[in-house]
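Visitor: I am new to this structure and would like a close look at a single part of it. Please pick one helix, walk me along it, and then show me what lies around it.

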Amino acid sequence: MRIRLLLFALMAAFLNAAAETVYFAPQWIPQSQFAGFYAAYENGFYEEEGLDVRFVRVGLNSSVNSIDLLEQGRVQIAGMQTMQAIVERSNGEDIVNVMQITQKTGLCCLSEEALNSFADLDGKKIGKWRIGFSEICEMLVAKSGISIDWIEGANPVNLFVYGAVDAVLCYSYSELLDVYLAEGELDGNKIIRFADYGDAFPEDGIYVTGEYYRTHKETVDKFVSASKRGWEWVRENIDAALDITEKYTTESHIQTNRVKQRMMLEEYLRLQDGNNEGTDRYDLISKERFDKVVNALLDAGYIGSAVDYNDMIPTDR
């Protein structure tokens with residue numbers, strides 16, 4: 001019996017030693033937005049692929065973001081938004097998309113008054129984050145020709161709650177939930193969901209440097225395979241996924257609650273589906289959709305030159 005236990009211990013030690021270490025930075029603080037990755041780790045899906053995945057946490061008090069960490073070589077894999085990635089690529093950064101997590105944006109605009117159309121935002125004071133994430137709204141503003149008085153803040157929702165702005169940009173799986181939990185049911189006529197405009201704007205994705213992809217494609221494939229498996233596990237095990245998420249938020253001293261994390265997860269899973277539920281979940285962006293985003297960024301002046309689809313989306317995925 002002791003010999004058998006010793007053999008098991010030696011085998012486990014061997015497998016652990018043979019595992020390839022990969023550093024991964026989600027783009028924000030621990031929350032159920034990243035539940036699929038936590039589940040893949042806690043259920044041993046990465047380990048089964050021979051990977052020792054180590055999470056690098058950013059956000060709040062961090063002086064760098066996931067893009068910085070990837071470009072500095074401090075992580076091999078990073079989460080970021082599609083538009084951010086395209087801007088970085090246009091600026092000369094060699095990054096490629098290896099997995100698309102959400103097929104449409106969760107960005108919204110919450111207004112004090114009812115809105116009949118996007119044009120009703122003309123002349124409004126709108127709160128936005130000082131660190132960005134407002135590109136979609138600003139592109140639509142430029143296209144429509146309306147004028148917005150932008151008010152920046154570290155937490156623009158506070159500006160809205162205290163009446164300092166007429167409307168505020170927020171995410172359907174995050175800040176919009178904060179307002180809902182504080183004030184109760186929200187009037188749908190006061191919310192503009194930008195996924196209803198511009199072909200839904202694919203959002204969160206997983207990125208690596210081009211060099212890392214060329215030299216470690218097998219590693220990338222293993223990470224993506226285990227991550228997809230983690231997300232599908234989450235869909236079938238919501239409560240267990242929330243338990244896992246709570247472990248990560250607690251370790252990072254994140255002030256939150258299970259009600260918000262459940263609502264966040266349910267909304268985030270909804271954003272993972274494209275036009276038909278489940279049909280294009282986790283698929284890479286099509287050339288048509290990618291080019292639409294690039295052209296919108298060009299028209300709004302966010303990038304000075306076009307980004308070629310084949311440079312950023314590997315054809316062998």
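Guide: What follows starts with one helix, moves out to its surroundings, and ends with the whole protein.

A word first on the source: this is a predicted model. The part to look at is helix H12, which covers residues 258-272. How far apart should its ends be? At 1.5 Å a residue, the 15 residues of H12 should span 21 Å. The C-alpha atoms at its ends are 21 Å apart, so the expected and the modelled span agree.

Look at the start of the helix. Just there, Asn 257 offers a side-chain oxygen, which comes to within 3.1 Å of the backbone nitrogen of Val 259.

Now go along the helix and ask which of its residues are buried. They are Lys 260, Gln 261, Met 264, Leu 265, Glu 267, Tyr 268, Leu 269, Leu 271 and Gln 272. What covers them? The cover includes four helices and two strands: H2 (35-42), H8 (175-183), H10 (217-236) and H11 (238-251), with strands S9 (191-193) and S10 (204-209).

Stop at Gln 261, which sits in H12. Is Gln 261 buried or exposed? Its relative accessibility is 6%, which is under the 20% cut-off, so Gln 261 counts as buried. Its side chain makes a polar contact of 2.8 Å with the side chain of Thr 256. Setting aside residues up to four places away in sequence, Gln 261 touches Gln 31, Ser 32, Leu 242, Thr 245 and Thr 256.

Next, look at the loops on either side. The loop between H11 and H12 holds His 253. This residue is not a glycine, yet it has a positive phi of about 60°. With a relative accessible area of 71%, His 253 is exposed. On the other side, the loop between H12 and helix H13 (287-299) holds Tyr 282. Tyr 282 is not a glycine either, and its phi is positive, at about 70°. But Tyr 282 is buried, with a relative accessible area of 6%.

Take one of the covering helices, H8. Leu 176 is found there. Leu 176 is buried, with a relative accessible area of 6%. Leaving out neighbours within four places in sequence, its contacts are Cys 108, Leu 110, Cys 170, Tyr 171, Leu 186, Ile 191 and Arg 193. Leu 186 comes ten residues from Leu 176 along the chain, and their C-alpha atoms are 9.2 Å apart.

Two more of the covering elements lead to the core. In soluble globular proteins, nonpolar side chains tend to be buried together. Here, the largest nonpolar core has 86 residues. Which members touch the most others? They are Phe 37, Phe 194 and Trp 231. H10 gives this core its largest share, six residues. A second, separate core has eleven residues, including Leu 110, Val 168, Leu 186 and Ile 191. Back in the largest core, Phe 37 is worth a pause. Beyond its neighbours within four places in sequence, Phe 37 is in contact with Phe 24, Tyr 46, Phe 55, Ile 101, Ile 206, Phe 223, Ser 227 and Trp 231.

For another helix, turn to H5, residues 82-90. How many of its residues are buried? Nine of the nine are, so H5 is largely enclosed by the rest of the structure. Among them are Thr 82, Gln 84, Glu 88 and Arg 89. The side chain of Gln 84 reaches the backbone nitrogen of Gln 81 at 3.1 Å. Gln 84 also touches Ile 67 and Phe 133, not counting residues up to four places away in sequence. Just after H5 comes Gly 92, with a positive phi of about 105°.

Finally, step back. The protein has 14 helices and ten strands. Its C-alpha trace spans about 75 × 45 × 40 Å along the principal axes. A compact globule of 317 residues would have a radius of gyration near 20 Å; the protein has 21 Å, which agrees. Of the 317 residues, 51% are buried. The exposed area is about 15,400 Å², and carbon and sulfur atoms supply 47% of it. Of the contacts between residues at least 6 apart in sequence, 78% join residues at least 24 apart.

Terms used: Residues are numbered from 1 along each chain as its sequence is written. This is a predicted model: local features need pLDDT of at least 70, side-chain atom pairs count only at pLDDT 80 or more; totals for chains, interfaces and linings use all residues. Side-chain values use heavy atoms; hydrogens and water are left out. The expected span of a helix is 1.5 Å times one less than its number of residues. Buried means under 20% relative accessible area, exposed over 50%, partly exposed in between (1.4 Å probe, protein chains only). Contact means heavy atoms within 4.5 Å. A polar contact is a pair of N or O atoms within 3.5 Å; within protein, one must be able to donate a hydrogen and the other to accept it, and residues adjacent in sequence count only if both atoms are side-chain atoms. The radius of gyration is taken over C-alpha atoms; the globule rule is 2.2 Å times the number of residues to the power 0.38. Accessible areas come from the Shrake-Rupley method with a 1.4 Å probe; for residues, only the protein chains shown count as cover. A nonpolar core is a set of buried Ala, Val, Leu, Ile, Met, Phe, Trp, Tyr and Cys residues joined through side-chain atoms within 4.5 Å.
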